[in-house]
Amino acid sequence: MPHVDITMIPGRDEGAKLIIAQKVQKFLAEELKIEEKYVSVSVEDVPKEKWSEHMDKMQDKVMFVKEY
């Protein structure tokens, strides 16, 4: 059961976050050929001034796509 954790700079309302999460859920379920109910998605706002600090905490994670 995959989980996707999305972090972004604040500025989107709860409705926009829900739409993003649902689209990610649907895409991943289709790609993995599983039911959407098995895919969870969270969205976390990280203030712009704390973005570097937040990303530093993620250095131990394997990131297949990174910001440049």
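Helices, meaning DSSP runs of H or I with at least four residues, and strands, meaning runs of E with at least two, are numbered from the N terminus. The exercises below use these elements to read a predicted model.

**Exercise 1. Find which pattern of helices and strands the protein chain follows along its sequence.**

Solution. Begin with the inventory, which consists of two helices and two strands. Reading along the sequence then gives the order β-α-β-α. To place these elements, note that strand 1 covers residues 3-8, that helix 1 (14-32) and strand 2 (40-45) are joined by a loop, and that helix 2 spans residues 51-57.

**Exercise 2. Determine which element has the lowest mean pLDDT and which the highest.**

Solution. Start from the protein chain as a whole, where the average pLDDT is 93 and 97% of the residues score at least 70. Turning to the elements, helix 2 has the lowest mean, at 91, while helix 1 has the highest, at 98.

**Exercise 3. Decide whether Thr-7 is buried or exposed, and list its contacts beyond its neighbours within four places in sequence.**

Solution. First locate the residue: Thr-7 lies in strand 1. Next, compare its relative accessible area of 18% with the cut-off, since a residue counts as buried when the value is under 20%. Thr-7 is therefore buried. Finally, once the neighbours within four places are set aside, Thr-7 is in contact with Glu-44, Val-46, Trp-51 and His-54. For the protein chain as a whole, buried residues make up 19% of the 68 residues, and among contacts with a separation of 6 or more, 64% join residues 24 or more positions apart.

**Exercise 4. Compare where Leu-32 and Lys-33 are placed, and classify the accessibility of each residue.**

Solution. Leu-32 belongs to helix 1, whereas Lys-33 is found in the loop between helix 1 and strand 2. Leu-32 counts as partly exposed because its relative accessibility is 45%, which falls between the cut-offs of 20% and 50%. Lys-33 counts as exposed because its value of 73% is over 50%. As for the backbone, Lys-33 has a positive phi of about 55° although it is not a glycine. Most residues other than glycine have a negative phi.

**Exercise 5. Identify which residues form a nonpolar patch on the surface together with Leu-32.**

Solution. Leu-32 is joined in this patch by Met-1, Ile-34 and Tyr-38, and the four together have about 430 Å² of accessible area. For the setting, the protein chain exposes about 5700 Å², of which carbon and sulfur atoms supply 55%.

Key
Residues numbered from 1 in each chain as written. Predicted model: local features only at pLDDT ≥ 70, side-chain atom pairs only at ≥ 80, totals over all residues. Heavy atoms only, no water. Buried < 20%, exposed > 50% of the residue type's maximum accessible area, 1.4 Å probe, protein only. Patch = residues over 30% accessible without salt bridge, like charges linked within 9 Å, V, L, I, M, F, W, Y side chains within 5 Å. Areas by Shrake-Rupley, 256 points an atom, 1.4 Å probe, with all protein chains shown as cover. Salt bridge = Lys/Arg side-chain N within 4 Å of Asp/Glu carboxyl O. Contact = heavy atoms within 4.5 Å. pLDDT = per-residue confidence, 0-100.
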